[in-house]
Structure formats: C-alpha cells, structure tokens
Amino acid sequence: MTTQTVLAAAGSVPGGEAVTFWILAPLALIGAIGMVAARNAVHSALMLVMTMLCLGVFYVIQAGPFIGVVQIIVYTGAIMMLFLFVLMLVGRGASDSVIETLRGQRVAALVLGVGFAGLVGTGLHRALADSTAAGLTAANAEGNVQGIARLLFTKYVLAFELTSALLITAAVGAMVLAHIERRREDRMDQAATMKARFRPGNYPGPKPGPGVFATSSSVATPARLPDGRLAEQSTPEILPVRELTAEDTTLKGTEK
Amino acid sequence: MTFLAQEPTLADFGRDPWWLVLIKIVFAFAFGLLATLLGVWFERRVVGRMAVRPGPNQLGPFGLLQTLADGMKMAFKEDILPRSADKVVYFFAPVISVVCAVTALSVMPFGPMVSIFGHQTPLQVTDVSVAVLLVLACSSMAVYGVVLAGWASGSTYPLLGGLRSAAQLISYEIALGLSIVAVFMLSGTMSTSGIVAAQGERPQLEFFGFDVSAPGWYAILLFPSFVIFFIAIVGETNRAPFDLPEAESELVAGFMTEYSSLKFALIMLSEYVAMVTMSAFTVTLFLGGWRAPWPLSIWDGANAGWWPMLWFFGKVLLLVFVFVWLRGTLPRLRYDQFMRLGWKVLLPLNLVWILVLAGWLKTQGWERADRLILYGAIAGVVLVATLIWPSRRPAPKLTLAEEVNNRPSGSFPLPPLDLQVPPSPRTQRIVAEREPANLADTDSREV
C-alpha cells in the first residue's frame, strides 16, 4: 500500500497529516457552525458541503481512501438535493426569519439535540467499547476497497440490503406521491376539444382586448360591443368591471 | 536495446522528490490550459470545415493565436456584477468549476515509467487505489460550479440553466458510474495506472469451446459499457447535443448568462478542461491508456520511454474531435427526451449488461457441461418470460368504413368514401369550345 498506510500503521502522525488536519479541522468547524448560523438556506447548504469535504479528506489521510472519496461523492449528491429542495420549496433569495414562531423552540431543540447526541454516543460506546482494534495493516491486508467489499457483502450483507430496501421504499414513495396519473380516457381528443369550444355559452373566438372601443386604454376598462354593451370577457377575471366616472372621462388637456 | 519493467504499480507513487512533484503538477496544469487554448481553436476550425467555411484563420499560422487574442480581450473587459447577485457565491462558482476540472487531471496516466533527471518515475501526477472514484468525485463537485453560477446570478435564465444542469448531471452520473463498474470487474482495480496495465494483457477467453485471444482494450471487450460511458460523458460535460444548461436558443447562455470578463473566461476554461479530462479518462479506461494502438505496438519500443505520451495525446485528440464532430452534426435534444434516454435507456441497459458480464465471469471456471446447462436454463427462462409476458393486445385493424363510423359525433364532415368525382363542367366546356384537332379520337381524350 501507500506510504501513508505504512506510517499510520506504525502509530506516528506524519507531518503532512498533522498540517492537513490543522488546516482543515478549523474549516470543518467553521462550516458546521456556519451551517447552523447562516440565515440564507443556500449558504447553509454550502457550509455543509465544506464540512463534508473536510471530513472526506480526513478519511483519506487516515488511510481510508475509499470511504473518503465515497463521502465526497455521496454527500455532494445529497446536499445538491437539499439545495434543490431549498430552491423549490423556499424560493430563491429567501432568508430565514429571526422571529420565533413556536415559543421555546430553540431551547427545546437544543435540549433534544444534546439528548439525542448523548443517546447515540452512549449506544455506540456500549456497543464498541469491548471490541479490540484490528489495526490498519490487518484491515487493509487485501486492499482497502477489497476489505470493505468483503465485509459489506458477507458479514453485514443483511444490514446493507435492509438499508437499500429502506432507501428504495423511500424513493418509490416519493414517486407515488409526486406522480399524477393521467388515464387515456381522460385525455380529450381533437373532436371533444372542438365540441367543448363551440358549446353554447362559450365564446369560440379570440377574446377582445381591453380598451377596444372604450373610453380609456386601461386594462380594467372593458371593451364595448357594437351595440354599446360592455364585453365582460375583455377584462381579466380578477379585475372588477369599472364604469368610468365623469371625472375619468373628461379630457385631461393633453390633446392640443 | 533492452526495455525495463515499464508498468508503474501503486508502490511507485509517492516516492518522488518535491521538485519532481512540482514539475508534474505544473505540467498537468499547463496541459489543461494549453489544451483549452488549442481546443477552442481546434473546435472552431473543425466546426468551420464542417459548415464549409474556413473558421478563424487570420491571427498567427492557421489562426492559432485567435483564442489567445480572445482570452486577452476577455481579461480586459469590464467585470459586471449583477445587483441581485449573491456576491460571494457568484465569485466562487467559476473557481469551483475550474478546480474540479483540473484536479481530475492529476490521476490521468500520461505514460509509463520514465527517467526524469535520473529519477525513475511514472508519467502521472499521482495515483491512489480509488483514483477512478476521485475523478467521479471531481465531476460531481463540478455540478456545484454550474448550479451555483446559475443560482448566484440572480436572474431567471441562469437559474433555469442551473436547475437543468443539476438534474442532467445527477442523472448521467449514474449511467457513468455504472458503465465503469464493468471496467472494475474485469481489471480488478480502481487505480488508473492499474487499469491501463490490465489492458496490456490479452485475456484468453473460452468462447463456445474455442480459445480466443481477446484484444486487451476495454472498448472492444466491454463495448456496451464504452458506448454508454461516452454518451454519459457528453452529457456530463454539457456538450452538444446535450448542452441543455446553456441552450442558447432557449436560455440565452444558460447558467453563464450574467458572467463576463475573467469569470466568464474561467467558465470557458473549465468547460474545455473538463472535455479534455473526460477524453483522457475515456482513453485511460477504455482505449488502452498510453498503449500504442495495433500497428504501432508491433514495435517493441512503442510502449517504453516517452513515446506513449504521444499515443496518449493522439487518442485524446481523436476523442476531442469526436466531441466536436457531435457538436457539428447533431441537433440539441429536447429536455424530456434527454431525461428519458438517461433513465429509461442507458440505466437499464447498463444493469442488464453488468448482470450478463458478472454471470459470464463467474461461470468461466466451471465445467463446460455445467456452464452450457446454466446458459440454456437462463435462455429458456427468458424465452418463456417473453412468451407469456402480458402484453397489451394491439388494437384490431379497422376497415376504412368502420373507422369512419367510429368517429365521434360532431367530427368534421367527410365526403362519402365511394364518391365518384364527376368531370368538372368547366372542363367539358373548354373541350367543347376547342376546335377538335383530330375528329377521329375526340371522345377518348375527354375528361
């Protein structure tokens, strides 16, 4: 394997690794804090990208090249999704409001977050405290990628498959929720469209533009039919039909 | 003349003195820059030829300096920052693109072991055991350059281009990754130098009882993977016919609409470097890397020393030409067609191909009879499945009369189908008014 592996197995921290760590560790922390603190949701997602990149490099310098690179690939994709969700749900340029809508939300979130971290930490500690470290040389004996593949597809194959089943269920669920079924019978053919168009009560021609034959060129002023009635179709539905007052119709003194 | 062991292994990397590392990095970077300068010129000339016009031919010999002049002009232009832009992200987006495109060049093997100032060293900046995944990581980070450029510009067209690009790159990265899986399965390694070395062997395949010495290049051995991979990298590099994020007929210039001056130059740079990087990646994975192609490989020295770099550049140039050729030939796909191609064609094809290949590799060590029974059983299952697969019965072919009767009421009125068009009375009149030239056969000419 590479020189890094050999040196790491010997138990010493080489200079390059230390320098990389001391440069990237503050960056990772800044990213993590910035992710929580940033007001703009997109900036928050970008801060998360920075943290994940730093973590990926940490894995690589600790002689786990596969997990490091996969960390970058997977998390960039995942955060890109987050990014798109932000754009789709919140909109561009939307910022967090500083007003607390739920009373005591922050305190509760803080307590629950710390509690959850404690739970996970204790669980991991109790599960792994007794296990002895095999060491990098033994773990990477047949190559880093091959070692991970062997474990993943033999010892942990059930957990691996269960996780993927969970993910696929989530993906299928998302598709079912987002899918709009259009049956063939619901589709209108040309003849049906034409019949609907010429149905009594529906005006088949193009709608008259507002302001045609009217006393003003405002969008809100309906057109007039040849017999002097107002053509209500000429104004958008959201605008009320407005009869002009005498003041509106008087000359403004601009036509000299 | 003797040729020493030329194949670099992973153990050969990480032993260079610092100045050699520096030389290699500068060389790879300069290669990227130079490839951009020449690539823009090459593309314009070739597309010009394809459009039966000369292309840029005024500045320098064959117009070679045209790109340089354009680059200088670009650098001196005013750098416009839109008022609604997100300043920090707007600045960093092109930088991310360039960094990702150039970083991927660092694991491309340009050649075998050579001697530089007395040091035996591989012609490659570095290699790790997961080098191919590193390139994938770079290309998935490069999405951020495009998407952030679109988002940070603060206007509509760039945002649309950025969103398109996000969907496009994520979809095509799956096809890209899956087509590389076949390469991993055959070479048994993820390091780029290892894959090139694996393509030097000529595997002995048993093919229905015959021992065949197969060619080593994966483009031939894994032809379906190669085709899917190439289609995917065209999508991944935003090149025509998949240049939807910058579709100029729909989105002005897509994600780079608001960019100008040096930032625009950086985006251009990253685009061309990505094209070259992906070409080099294809050459490494499928076209034998720096190995000499067949007629040259008869000469023993073709795969030794500095010569392989020439073959490598030649292959890269060939692939860049294919990129340009595609641009000059194919119209841009519509967005939904493009997505359908990625998800419904490339992805299932890839999965089936990997399954077939895995089955083939797994059964290579079996007894011949066992193997034939297995293949026969699989073929039988597939055959039965296709036969009893419930398929929508094709609608019975209606006669013309039935079709007319089935038309909904209110349809456009049709003339009767057995209508005999009577001779126009006007024709008769003209004929009647005309003085018959030959009285003998007047009636047969009528109508």
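What distance should the 21 residues of helix 3 of chain A span at 1.5 Å a residue? Helices here are DSSP runs of H or I of at least four residues, and strands are runs of E of at least two, numbered from the N terminus. The expected span of a helix is 1.5 Å times one less than its number of residues. For helix 3 of chain A (residues 41-61) this gives 30 Å, and the end C-alpha atoms are 31 Å apart, which agrees. After this helix comes A:Ala63, with a positive phi near 65°.

The model is predicted: local features need pLDDT of at least 70 and side-chain atom pairs pLDDT 80 or more, while totals for chains, interfaces and linings use all residues. Residues are numbered from 1 along each chain as its sequence is written, and chains are lettered from A and ligands numbered from 1 in the order in which they are written.

Chain B holds 17 helices and 4 strands. Its C-alpha atoms fill a box of roughly 105 × 75 × 50 Å along the principal axes. Of its 447 residues, 38% are buried, meaning that 20 or more other C-beta atoms, placed from the backbone, lie within 10 Å of a residue's own; 12 or fewer make it exposed, and values in between partly exposed.

One residue of chain B shows this in detail. B:Leu186 lies in helix 5 (residues 156-187) of chain B. B:Leu186 counts as partly exposed because it has 18 C-beta neighbours inside 10 Å. Beyond its neighbours within four places in sequence, B:Leu186 is in contact (C-beta atoms, placed from the backbone, within 7 Å) with B:Tyr218, B:Leu221 and B:Leu222.

Notes
Two residues are in contact if their C-beta atoms, placed from the backbone, lie within 7 Å.
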